[in-house]
Amino acid sequence: MEPSRSVESKRDDYSLREEFIAVMAHEMKNTLSSIVSFSEILLTQKLGKLNDRQKVRLEHILEGGSRLNSMIIDVLDFQKIGLGQLRIEKRKYELEEVCQEAILDISSLADSKNITVNAHVDQVEIYCDYFRILQVLNNILNNGIKFSDTGSTITLNAFSDGNGVLFEVVDEGVGIEESDLNKVFQKFKQSGISKSLEKGSGLGLAICKGIVELHGGKIWIESNMGRGTKVSFTVPGRKIFSTKK
Ligand SMILES: Nc1ncnc2c1ncn2[C@@H]1O[C@H](COP(=O)(O)OP(=O)(O)O)[C@@H](O)[C@H]1O
Ligand SMILES: [Mg+2]
């Protein structure tokens with residue numbers, strides 16, 4: 001009979017695997033950034049004129065490279081959260097500024113599907129890690145757009161809730177099956193109908209959960225199949241001052 005492997009050697013295997021993933025992801029990120037930046041340079045046509053077929057193929061390379069790049073960033077972030085290595089640096093910001101930036105970031109994607117993005121934002125301060133909260137909003141808004149039909153509307157609400165800020169992103173998209181609602185925050189989980197739609201890393205909401213929880217907040221999701229989805233999260237802050245003039 002095989003001797004049972006010690007806890008120590010299992011832990012070694014685990015950290016080896018983690019290290020392997022981290023090294024691979026970094027290598028891939030560097031290689032991909034060359035692919036992306038050289039495709040961008042070629043597409044400017046400063047190095048020579050492209051014919052239409054060459055242009056279309058290069059655009060495919062760029063699109064694929066950029067998608068892979070964001071998947072790798074997700075893998076690295078997810079790994080950092082799991083290892084407790086993700087650092088949150090909280091400062092005070094105007095909530096409106098954060099929301100405007102988040103909407104700007106997804107505006108071209110929304111435009112490409114003719115989706116209107118509305119916002120209702122209280123004039124208060126938020127105490128958070130600016131880029132990480134933008135990452136959360138970007139992912140949730142991105143999902144909203146990804147899983148909605150062209151011409152629909154997405155609403156971003158950000159209200160002062162007495163002990164910080166409550167964010168809500170409401171869409172009119174395909175919705176999530178009730179049995180999947182608790183699973184979408186787990187890694188690689190994709191729900192019913194949306195499985196057949198656009199592919200992402202499947203890590204987005206798991207990363208959002210990690211970032212929100214590192215801020216001391218909560219994240220949850222409500223949905224009606226065929227009607228739409230609402231993703232809510234809180235960012236507690238020590239002192240929230242109204243910035244209303
Ligand atoms: N707004 C939404 N409408 C419908 N389904 C959603 C929405 N947001 C998330 N989901 C479901 O949750 C899954 C996990 O989301 P996420 O973690 O961001 O991964 P990804 O976007 O890479 O698939 C999605 O694949 C989809 O099935
Ligand atoms: Mg996503």
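This is a short tour of a metal site, two nonpolar cores and a pocket in a predicted model.

**Stop 1: the metal site.** Start by selecting ligand 2, the magnesium ion, and look for its protein donors: OD1 of Asn-139 and OD1 of Asn-143 coordinate the ion at 2.3 to 2.8 Å. Now show helix H4 (residues 130–146), which holds both asparagines, four residues apart, or about one turn of the helix. Are these two buried or exposed? Asn-139 is buried, because its relative accessible area is 16%, under the 20% limit. Asn-143 counts as buried too, at 18%.

**Stop 2: the cores.** Keep H4 on screen and select Ile-126, Leu-137, Ile-140, Phe-167 and Phe-233, the residues with the most contacts inside the largest nonpolar core, which has 42 residues. Next colour the elements that each supply at least two residues of this core, including helices H3 (95–112) and H5 (204–214) and strands E3 (125–128) and E7 (228–236). H4 gives the most, with eight residues. Then move to another core, apart from this one: among its five residues are Val-36, Leu-43, Leu-58 and Leu-62.

**Stop 3: the second largest pocket.** Select Glu-18, Ile-21, Phe-78, Gln-79 and Lys-187, which lie nearest the centre of this pocket among its 11 lining residues. The space here is about 270 Å³. Helices H1 (7–44) and H2 (52–82) are the elements giving two or more residues to the lining, and H2 gives the most, with four. Colour the lining by residue type and you will find seven nonpolar, two polar and two charged residues. Finally, colour by domain: domain 1 (7–82) and domain 2 (91–236) each contribute at least three residues to this lining.

Key: Residues numbered from 1 in each chain as written. Chains lettered and ligands numbered in written order. Predicted model: local features only at pLDDT ≥ 70, side-chain atom pairs only at ≥ 80, totals over all residues. Heavy atoms only, no water. Donors = N, O, S within 2.8 Å, 3.2 Å for Na, K, Ca; no water. Buried < 20%, exposed > 50% of the residue type's maximum accessible area, 1.4 Å probe, protein only. Core = buried A, V, L, I, M, F, W, Y, C linked by side-chain atoms within 4.5 Å. 1 Å grid on protein atoms, 1.4 Å probe; cavity = no way out; pocket = protein on both sides within 12 Å on 5 of 7 lines; lining within 4 Å. Points joined across faces, edges and corners; volume = space filled by probe spheres on them. Nonpolar A, V, L, I, M, F, W, Y, C, P; charged D, E, K, R; others polar. Domains from an automatic or database assignment.
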